[in-house]
Amino acid sequence: MKQSSFKKPVANVPQEAVVRQCLMCRDRFESTWHGERICKRCKSTAAWREG
Ligand SMILES: [Zn+2]
């Protein structure tokens, strides 16, 4: 019989939600990490990507 050991993913990662201003629509949104500067709505439009 094979023993399977699976690790639990870390569930309780302390995340500070910071309210930022979206670079696209200038609307305020909660960014979950410091590099997030576009709100989810604008991200879904996919027009924010560089290149
Ligand atoms: Zn936006």
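This report walks through a predicted model of a small protein chain with a zinc ion.

**Overall layout**

Let's start with the fold. The protein contains one helix and two strands, and along the sequence these follow the pattern β-β-α. Strand E1 covers 18–21, strand E2 covers 28–31, and helix H1 spans residues 40–45. Of the 51 residues, 14% count as buried. The accessible surface of the protein comes to about 5400 Å², and carbon and sulfur atoms account for 50% of that area. Among contacts with a separation of 6 or more, 2% are between residues 24 or more positions apart.

**The zinc site**

Which residues hold the zinc ion? Cys22, Cys25, Cys39 and Cys42 coordinate the ion through their SG atoms, at 2.3 Å. Along the sequence, these donors are spaced C-x2-C-x13-C-x2-C. One pair of them links distant parts of the chain: Cys22 sits in the loop between E1 and E2, Cys42 belongs to helix H1, and the two are 20 residues apart. Cys22 and Cys42 are both buried. The arrangement around the zinc ion is tetrahedral because the four donor atoms subtend angles of 104 to 114°.

Some of these cysteines also take part in the largest nonpolar core, which has five residues: Cys22, Phe29, Ile38, Cys39 and Cys42. Cys39 is in contact with Cys22, Cys25 and Phe29, leaving aside its neighbours within four places in sequence.

**Two buried polar residues**

Next come Glu36 and Ser31, which touch one another. Glu36 is found in the loop between E2 and H1. Is this residue buried or exposed? Glu36 counts as buried because its relative accessibility is 6%, under the 20% cut-off. Ser31, in strand E2, is also buried, with a relative accessible area of 1%.

The polar partners of these two side chains are set out here.

| Side chain | Partner | Distance |
|---|---|---|
| Glu36 | Thr32, backbone nitrogen | 3.0 Å |
| Glu36 | Lys43, side chain | 3.1 Å |
| Ser31 | Arg20, side chain | 3.0 Å |
| Ser31 | Trp33, backbone oxygen | 3.4 Å |

With Lys43 as a partner, the Glu36 side chain has a polar contact to a residue of the 40–45 helix. Not counting residues up to four places away in sequence, Glu36 touches Arg20, Phe29, Glu30, Ser31 and Lys43. On the same basis, the list for Ser31 is Glu16, Ala17, Val18, Arg20 and Glu36. Arg20 therefore appears in the contacts of Glu36 and also in those of Ser31.

**Two exposed arginines**

Finally, have a look at Arg26 and Arg41. Arg26 is found in the loop between E1 and E2. What is notable about its backbone? Arg26 has a positive phi of about 60° although it is not a glycine. Most residues other than glycine have a negative phi. Arg26 is exposed, since its relative accessible area of 59% is over 50%.

Arg41 lies in helix H1 and counts as exposed at 66% relative accessibility. The C-alpha atoms of Arg41 and Met24 are separated by 9.7 Å, and these residues are 17 apart along the chain.

Notes:
Residues are numbered from 1 along each chain as its sequence is written. This is a predicted model: local features need pLDDT of at least 70, side-chain atom pairs count only at pLDDT 80 or more; totals for chains, interfaces and linings use all residues. Side-chain values use heavy atoms; hydrogens and water are left out. Donors are N, O and S atoms within 2.8 Å of the metal (3.2 Å for Na, K and Ca); water is not among the atoms, so sites may look incomplete. Four donors count as tetrahedral if all angles lie between 85 and 135 degrees; four count as square planar and six as octahedral if opposite donors are over 155 degrees apart and all others between 65 and 115; anything else is irregular. Helices (H or I, at least four residues) and strands (E, at least two) are DSSP runs, numbered from the N terminus. Buried means under 20% relative accessible area, exposed over 50%, partly exposed in between (1.4 Å probe, protein chains only). A polar contact is a pair of N or O atoms within 3.5 Å; within protein, one must be able to donate a hydrogen and the other to accept it, and residues adjacent in sequence count only if both atoms are side-chain atoms. Contact means heavy atoms within 4.5 Å. A nonpolar core is a set of buried Ala, Val, Leu, Ile, Met, Phe, Trp, Tyr and Cys residues joined through side-chain atoms within 4.5 Å. Accessible areas come from the Shrake-Rupley method with a 1.4 Å probe; for residues, only the protein chains shown count as cover.
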